[in-house]
Amino acid sequence: MSDTEVLRERRLRVEAAWSSAEFDGPVLIPASLPIPIDGTDQFHEFHAHPEFQYLTGVAEPGAALAWEPGDGWTLFAPSLSVEDLVWMSAPPSADELAAETGVSRSVDRSELAGWLESRRGRGMALLGSRDVELRATEYGVESWSSLEAVVDEEATERLGKALAELRRAKDAVELDRMTRAVDAAVFGHLAAQRLARHGLTERALQIEMEAEFFRRGGARTAYGSIVGSGPNSAILHGTPGERVMSDGELVLIDAGAEIEGYASDVTRTFPVSAEFTGIQRDLYNVVLAAQQEAIAGAGPGVEYKSLHMQASATIAQGLVDAGILRGSVEELVAADAHALFFPHGLGHMLGLSTHDCAGYLEGRVPEDRFGLAYLRTDLPLAPGYVVTIEPGIYFVPALLTDPARRERYAEMVNWDVVDGLLDFGGIRIEDDVLITGDGCEVMSEALPKSADEIEAIRRDGLGAANG
Ligand SMILES: [Mn+2]
């Protein structure tokens, strides 16, 4: 099947879902406009609205897609003025967009006003970017209000949910893009792992890793790369800086590339020297065991939350074995004691954004419990879903020196041991996992993760640097 055929099938599934959502009005899905940077003539990096990008496969600033039962799909292609063309490259023509997206009725965006005019006063579902309401003129529409464009908020929400549910399972075009994004991430991580050494900054690793992402086809990073050395490896979303790394410390890198809108999201943790220290290796193996169990358990019909709870138990047991927690695993997990060291969820849906849509099944909400508040996914897994699996163990000084928590967990935590590890940093291991018909496939499998394999890469990298 060609890419445009896959895109057509995708839209057919959406039409069917929207029809059963019992809404017979028009639907407009703007791609969104570039966002100006205040006080300059520049714009923030453009991100198309994921709903527009899903339905068309492209990310065209200022474009819009429309649908109406009985009328089908219309794609409005922006064109630039002669003055704009002095500064900017020409966007694809309506015909080019028709060929790329398979939306045969692709027309110049100047026809959008007429499309709205002929639907004057009718309730419309407005998906995609809502910027059209405030910046209508930039879509070539004189005035949103004078056209009596009416947004049916209830229908908008209903159709949006139906679309989000369809977006969970990835089709062939999406998986092709995600595979390329994951492959680029793997090469970038390997480059950073080989380069790391005493005396380098976090920033130096980031630069070489991201260069590799771009060389391998990455359009940009999927999110701000996280490179944390030493104590910084415990900052869950830490920004790489000028901190110089030293032998004996860990480095945590959580980074991915984006290709044609699709994200990869991979984490590895490794020593600055050629080897893990004893406690680093022990805790690394606990995280690795939790991660491998979750991957072994992932498959269609499996509740993601049950994988999170299993990982929590494995981490609690590992912390008991390391002399950090005290008590039975059941009691520790029930009291969220493990969450002092694993304060986030097992992972999330991945796709057009790093935390892709619809991680929670309709009707479910995050629990207001320390150990589960940041669980971003709560649904039964199904074939085609791509999720991350990313347990971790961290020593976050803010959590571990908090008087209320020290009192609450006075008996369950061996605080003397913890006090000696406040600058340990953290360990996270994250892979991107595709749920298949009978289990799962680790998309980022090419990036080694056993302690021995990591040390071999480090020895090799350090040898190359010295030789
Ligand atoms: Mn992640």
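In this predicted model, three strands form an open sheet in the order 8-9-12, with antiparallel pairing. Strand 8 (226-229) and strand 12 (266-271) occupy the edges; each has a single partner strand, so one side of each lacks a neighbour in the sheet. From one strand to the next, the twist averages 10 degrees. Strands of a sheet are held in pairs by backbone hydrogen bonds, in either a parallel or an antiparallel sense. Here, strand 8 and strand 9 (residues 250-255) are joined in the antiparallel sense over four bridges. Within this region, Gly-228 stands opposite Leu-252 of strand 9. Helix 8 (residues 172-195) lies across strand 9 and strand 12, and runs at about 15 degrees to strand 12.

**Domains and their contact**

The protein is divided into domain 1 (3-166) and domain 2 (172-466). Their C-alpha centres lie 37 Å apart. The contact between them takes 13 residues from domain 1 and nine residues from domain 2. On the side of domain 1 that touches domain 2, helix 1, helix 2 (50-56) and helix 7 each supply at least two residues. That side of domain 1 divides into seven nonpolar, two polar and four charged residues.

**Loop residues**

Three acidic residues in loops are set out below.

| Residue | Loop location | C-beta neighbours within 10 Å and exposure |
|---|---|---|
| Glu-22 | between helix 1 (3-20) and strand 1 (27-30) | 8, exposed |
| Glu-148 | between helix 6 (131-134) and strand 6 (150-151) | 12, exposed |
| Asp-152 | between strand 6 and helix 7 (153-166) | 18, partly exposed |

Glu-22 has a positive phi of about 55 degrees, although it is not a glycine. Glu-148 likewise is a residue other than glycine with a positive phi, near 50 degrees. Why does Glu-148 count as exposed? The limit for an exposed residue is 12 or fewer other C-beta atoms within 10 Å, and Glu-148 has 12 such neighbours, so it counts as exposed. Asp-152, with 18 C-beta neighbours inside 10 Å, is therefore partly exposed.

Which residues does Asp-152 touch, leaving aside those up to four places away in sequence? The contacts of Asp-152 are Gly-25, Gly-123, Met-124 and Ala-125. By contrast, Asp-152 and Ser-246 are 58 Å apart in space, C-alpha to C-alpha, and 94 residues apart in sequence.

Conventions:
Residues are numbered from 1 along each chain as its sequence is written. This is a predicted model: local features need pLDDT of at least 70, side-chain atom pairs count only at pLDDT 80 or more; totals for chains, interfaces and linings use all residues. A residue is buried if 20 or more other C-beta atoms lie within 10 Å of its own, exposed if 12 or fewer, and partly exposed in between; C-beta atoms are placed from the backbone. Two residues are in contact if their C-beta atoms, placed from the backbone, lie within 7 Å. Domain bounds come from an automatic or database domain assignment. Ala, Val, Leu, Ile, Met, Phe, Trp, Tyr, Cys and Pro count as nonpolar, Asp, Glu, Lys and Arg as charged, and the others, Gly among them, as polar. Two strands pair if DSSP finds at least two bridges between them. Axes are lines fitted to C-alpha atoms, for helices over the stretch in contact, and angles run from 0 to 180 degrees between N-to-C directions.
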